[in-house]
Amino acid sequence: MSEELTSPLSKRARQTPPSGIRRFFELAEEMDDLVSLGVGEPDFSAPWAARTAAIDSLEKGRTSYTANRGRRDLRERIAEHVSRYDLHYDPDEEVLVTTGASEGVDLAMRALVDPGDVVAVPEPSYISYGPTVTFAGGEPLSVRTRAETDFVLTYDDLERAGAAEASVLVLCYPNNPTGAVMSRDELAEVAEFAREHDIFVLSDEIYAALRYEDDHVSIATLPGMRERTVVFNGFSKAYAMTGLRLGYALGPPEVIDGMNRIHQYTMLSSPTTAQYAAIEALESCDDAVAEMRTEFDRRRQFVISRFNELGMDCFEAKGAFYVFPQCPPGWENDEEFAEALIREERVALVPGRVFGAGGEGHLRVSYASGMRDLRTALDRIESFVESR
Amino acid sequence: MEAKRELLDLLLSDARQSTEDIARQLGVDAATVEELVDELEAEGAVRGYQAVVDWDSVDEGHVRAEVELNVELDRETGYEDIAQRIAKFSQVASLRLISGDYDFAVDVEGDSMHDVSNFVSEQIAPIPEVTQTVTHFVMRTYKERGVYFGDGDDDDRLAVSP
């Protein structure tokens, strides 16, 4: 007689699908001489000044918790920093320092979503939004954006997907994985939809500093939107500080307070060392950010040109560090293309379908790699495409 | 940024990249890049293209010294005249008029310390306007023209990430 061991896992854990990126990660891991354009973080290291500030803080023994909301001097600098985007928040009541912007998104979902609530998630998009909705007990509603409109979210897209019934809408521009950005006019359509249907907006603006042809616009600056928006940003992408895990959320006092109530029990406070690095980053690293952005911009133009020359249609992505070309003629399936490419030419990129509806037939290409690697990768892709 | 200025930045970061690759990064065509390079050269803005060499990794004698020079001017002789006279020696890698305690900073290169000190004492010191030379031999170079010679930062990123 055997006793059957039932899975200790909750239904929630069991039902969480493994990320579609996992398989490519495993393929890439076993490969020598791989060039990866599949990386979702900068190839630069954090600016040296920020790193030395972290080291200094450790030397001085600053290894304790901070206030739940984060150090006040950091919150003040954050409030001052975001004023460049015409975002104005009170450091005491409207700013929450989080462990990466990801934690902020998770907190907001849990603070705003009741079981059964519908959360509209435009796709293709970063892979975490859907699962955080589910963890909060909500129902993710996929809102498909289209290649024909360069993956900008439109009023029609929202209407067509039935987003009117949603209580929360996620927005991520500049976008991972497409590199798309949204102008003030384009955001105005989304804002109109949100106001009409009383939808709260979670605007993930982690790539705000990486916008190449014009200035970033936050939806929270549009009429009637500040009170129905939480803005997320952080230090990972602009300051190349991904591993330091530090972000922040900006929003109306009631919502930030609700998020902080959860944060105080689950996180207590965000990493102290990272907070010191972040203070220095905001104080003295604007030039380093500008240099990185210039470098990204050159690579961006290089990569877009090469893909278009190869006959892989690539719209002019104007933000983040991704482009989102189509598979070359003759390849319908992005996953098959990506798999053949990594096996035969040792170039890793991520199939678009991993990022949800509308990603099929596309490939996410990260240009967070040096020019030498980009050249090698594009040469290999060229020989792969031309050999068929 | 103006295209010519951007081109200058690209050449500063890597002068060996192909015209086509430079064109792609600037979003212009290759012919335009050729034209701009010609202009930069004709204007004298770009004077040359050189490798950044870490001589410690090259298997041959190579010595560099930074030489401080003090000079005395008179009615007929100005800084320009002295500079011309010094700059034309092939041993002089760079020559700058500077502010502060001395007048000229000269980088002198040679195959050995003997070469360099001989050059300074026999060719530079005897120049009538030169009143003093102080020679500092370079013992080790850590960074040259923006290129750090130590180990760079590790790239510890995962090969594929969201």
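**Sheets, helix packing and domains in a predicted two-chain model**

In chain B, strand 2 and strand 3 are paired in the antiparallel sense through five bridges, where strands (E, at least two residues) and helices (H or I, at least four residues) are DSSP runs numbered from the N terminus, and two strands pair if DSSP finds at least two bridges between them. The structure is a predicted model, in which local features need pLDDT of at least 70 and side-chain atom pairs count only at pLDDT 80 or more, while totals for chains, interfaces and linings use all residues. Residues are numbered from 1 along each chain as its sequence is written, with chains lettered from A and ligands numbered from 1 in the order in which they are written.

Within the pairing of strands 2 and 3 of chain B, S94(B) has D107(B) in strand 3 as its bridge partner. The two strands form a hairpin with six residues between them, and G100(B) in the turn has a positive phi of about 110 degrees. Strand 3 of chain B is also joined to strand 1 of chain B, by seven bridges and in antiparallel fashion; here V67(B) is placed opposite V106(B) of strand 3. On strand 4 of chain B, strand 1 (residues 63-71) has an antiparallel partner over seven bridges, and Q132(B) in strand 4 is the bridge partner of N70(B).

Together, four strands of chain B make up an open sheet with the order 2-3-1-4 and antiparallel pairing. Strand 2 (92-97) and strand 4 (130-137) of chain B are the edge strands, each pairing on one side only. The average turn between neighbouring strands of this sheet is 20 degrees, direction ignored; axes are lines fitted to C-alpha atoms, for helices over the stretch in contact, and angles run from 0 to 180 degrees between N-to-C directions. Helix 4 (residues 79-87) of chain B lies across strands 1, 2 and 3 (the last at 104-110) of chain B and runs at about 170 degrees to strand 2 of chain B.

Chain B is divided into domain 1 (3-43) and domain 2 (58-142), the bounds coming from an automatic or database domain assignment. Between the C-alpha centres of these two domains of chain B the distance is 34 Å. An unreviewed UniProt entry places the annotation "domain: Transcription regulator AsnC/Lrp ligand binding" at residues 70-141 of chain B; UniProt positions follow the numbering used here, feature names are shortened, and annotations may be inferred rather than shown by experiment. Residues 70-141 of chain B are 29% helix and 32% strand, with the end C-alpha atoms 25 Å apart.

Between the chains, 13 residues of chain B are in contact with 24 residues of chain A, contact being taken as C-beta atoms, placed from the backbone, within 7 Å. On the side of chain B that touches chain A, five residues are nonpolar, three polar and five charged. In this classification Ala, Val, Leu, Ile, Met, Phe, Trp, Tyr, Cys and Pro count as nonpolar, Asp, Glu, Lys and Arg as charged, and the others, Gly among them, as polar.

For chain A, the domain assignment gives domain 1 (11-46 + 287-386) and domain 2 (48-285), with C-alpha centres 24 Å apart. Their contact takes 35 residues from domain 1 of chain A and 37 residues from domain 2 of chain A. Helix 11 (286-309) and strand 9 of chain A are the elements that give two or more residues to the domain 1 side; helix 11 of chain A supplies the largest share, eight residues. This side of domain 1 of chain A comprises 18 nonpolar, nine polar and eight charged residues. In an unreviewed UniProt entry, the feature "domain: Aminotransferase class I/classII large" is placed at residues 33-381 of chain A. That span is 39% helix and 13% strand, and its end C-alpha atoms lie 15 Å apart.

An open sheet of three strands in chain A has the order 9-12-11 and antiparallel pairing. Strand 9 (322-323) and strand 11 (350-351) of chain A are at the edges with a single partner strand each, so one side of each is left without a neighbour in the sheet. Strand 11 and strand 12 (residues 363-366) of chain A pair over two bridges, and P351(A) has L363(A) in strand 12 as its bridge partner.

Helix 4 (residues 72-82) and helix 10 (residues 272-284) of chain A pack at an angle of about 35 degrees with their axes 10 Å apart. The contact of these two helices of chain A has five nonpolar, two polar and three charged residues. D73(A), L74(A), R77(A), I78(A) and H81(A) in helix 4 meet Q275(A), A278(A), I279(A), L282(A) and E283(A) in helix 10.

Key: Contact = placed C-beta atoms within 7 Å.
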